Amino acid sequence: MRYQNSATPCAIAVAIAITAIAPAAARDAHGTTTARFEQQYLIFVIDHHFGALRMAELAAGTEVQRSAAFSPREGTSPTPNFRATVAKAALAEIKSIGRRDNRVQREEILAAQRMLMKWYRLNHTPTLSGDAKRMIAMLERAPAGPEFDKAFLRHMTHHHYQVLGPSVQCAVGAQLEHGELQRYCKGILDAQMTQIDDMRHLLCERYSDCHYQPFRAHDGHAGDIGMEHPVMTD
């Protein structure tokens, strides 16, 4: 069974951003509205992706040392300040999602830190938001196996949804000379919307949950959608 979603991912992203986009009057120097927005966005993405690392590790399990050969049983590298953990996911597809997301989002954290330092001489150490801590705690409590799988698919689709609105803002409001950032934002939009679609289909096909929407977390909590401290003002 393949669930057919009537709303396109692009339409969803644009819809959630309509009320969030504020005017970005670019002037010059680092104190401009656009510059402040870029700093805010990069810090937001660093923390947002950092929250997903532990969620992915709980699904795929962790390995302290990488093996030389590719293996469907290989885990991810543990996030700092978290212990190694065995895989809690039952489906091989979910373990694969966990490994892929963990690897990709680590790279995106490094890219965001690099841009933040290159343009603004700012160094930001990733931190867990309250929302990320809440989702991690619920996944840690979820029984391993199918119950974890369903909780992971719901939480991770919601987590990916949270970055769409700010990324639309970034794609249309970044500094004109910062093409690297615009490509970065558009890459996040494309990847996160594709993964939301893939996980919703998996939730439907494997667990007959065909009506879950990513707008709210598994527990009904709306979460922290968008950047917590808007700076898009004069």
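Q: What hand does the crossing have where H3 passes H5?
A: Left-handed. Keep in mind that this is a predicted model. The term is used when the near helix is turned anticlockwise from the far one by less than a right angle, and H3 passes H5 in just that way. The residues making the contact are Ile94, Ile97, Asp101 and Gln105 on the H3 side, with Asp149, Phe152, Leu153, Met156 and His160 on the H5 side.

Q: Why are H3 and H5 called roughly parallel to each other?
A: Look at the angle: H3 and H5 pack at about 30 degrees, with 11 Å between their axes. Angles under 35 degrees count as roughly parallel, so H3 and H5 get that label.

Q: What makes H5 roughly parallel to H6?
A: Here the packing angle is about 25 degrees, and the axes of H5 and H6 (residues 164–173) are 5 Å apart. The cut-off is again under 35 degrees, so this pair is roughly parallel too. Where they meet, H5 brings His160, Tyr161 and Gln162, while H6 brings Leu164, Gly165 and Pro166.

Q: How many helices and strands does the protein chain have?
A: Seven helices and zero strands. Reading from the N terminus, the elements go α-α-α-α-α-α-α.

Q: Why does His160 count as buried?
A: The label goes to residues under 20% relative accessible area. His160 has 0%, so it counts as buried. You'll find His160 in helix H5, which covers residues 146–162.

Q: How do you know that the side chains of His160 and Asp101 make a polar contact?
A: By distance, to begin with: the two side chains come to 3.4 Å, and the limit for such a pair of N or O atoms is 3.5 Å. Asp101 is also one of the residues His160 touches beyond its neighbours within four places in sequence; the others are Gln105, Gln192, Gln195, Ile196 and Met199.

Q: What makes the rings of Phe148 and Phe152 a stacked pair?
A: Two values matter. Ring centres have to lie within 6.5 Å to pair, and planes under 30 degrees apart count as stacked. The structure holds three aromatic pairs. For Phe148 and Phe152 the centres are 5.9 Å apart and the planes sit at 20 degrees, so this pair is stacked. Both residues belong to helix H5, four residues apart, or about one turn of the helix. Phe148 and Phe152 are both buried as well.

Q: Why is Thr62 called buried?
A: Its relative accessible area is 10%, and buried means under 20%, so Thr62 earns the label. Thr62 isn't in a helix, though: it sits in the loop between H2 (33–60) and H3 (92–120).

Q: What does the side chain of Thr62 reach?
A: The backbone nitrogen of Thr85, at 2.7 Å. Setting aside neighbours within four places in sequence, the contacts of Thr62 are Glu57, Gly75, Thr76, Ser77, Pro78, Ala84 and Thr85.

Q: How much of the protein chain is made up of buried residues?
A: 51% of its 234 residues.

Q: What makes Arg121 exposed?
A: Exposed means over 50% relative accessible area. Arg121 comes in at 62%, so it is exposed. Arg121 lies in the loop between H3 and H4 (130–141). It also has a positive phi of about 55 degrees, although it isn't a glycine.

Q: Why does Ser208 count as exposed?
A: Ser208 has 64% relative accessibility, set against a cut-off of over 50%, so it counts as exposed. Its place is in the segment after helix H7 (179–207). Phi of Ser208 is near 55 degrees, a positive value in a residue other than glycine.

Q: And Leu176, why does that count as exposed?
A: At 78% relative accessibility, Leu176 counts as exposed, as the label needs over 50%. Leu176 is part of the loop between H6 and H7.

Q: What separation do the C-alpha atoms of Leu176 and Thr34 have?
A: 9.7 Å, for two residues that are 142 apart along the chain.

Q: What share of contacts between residues at least 6 apart in sequence join residues at least 24 apart?
A: In the protein chain, that share is 78%.

Definitions and conventions: Residues numbered from 1 in each chain as written. Predicted model: local features only at pLDDT ≥ 70, side-chain atom pairs only at ≥ 80, totals over all residues. Heavy atoms only, no water. Helix = DSSP H or I, 4+ residues; strand = E, 2+ residues; numbered from the N terminus. Buried < 20%, exposed > 50% of the residue type's maximum accessible area, 1.4 Å probe, protein only. Polar contact = N/O pair within 3.5 Å; in protein donor to acceptor, adjacent residues only side chain to side chain. Contact = heavy atoms within 4.5 Å. Phe/Tyr/Trp six-rings, centres within 6.5 Å; stacked < 30°, edge-to-face > 60°. Axes fitted to C-alpha atoms, helices over the stretch in contact; angles between N-to-C directions. Parallel < 35°, antiparallel > 145°, perpendicular 65-115°, else oblique.
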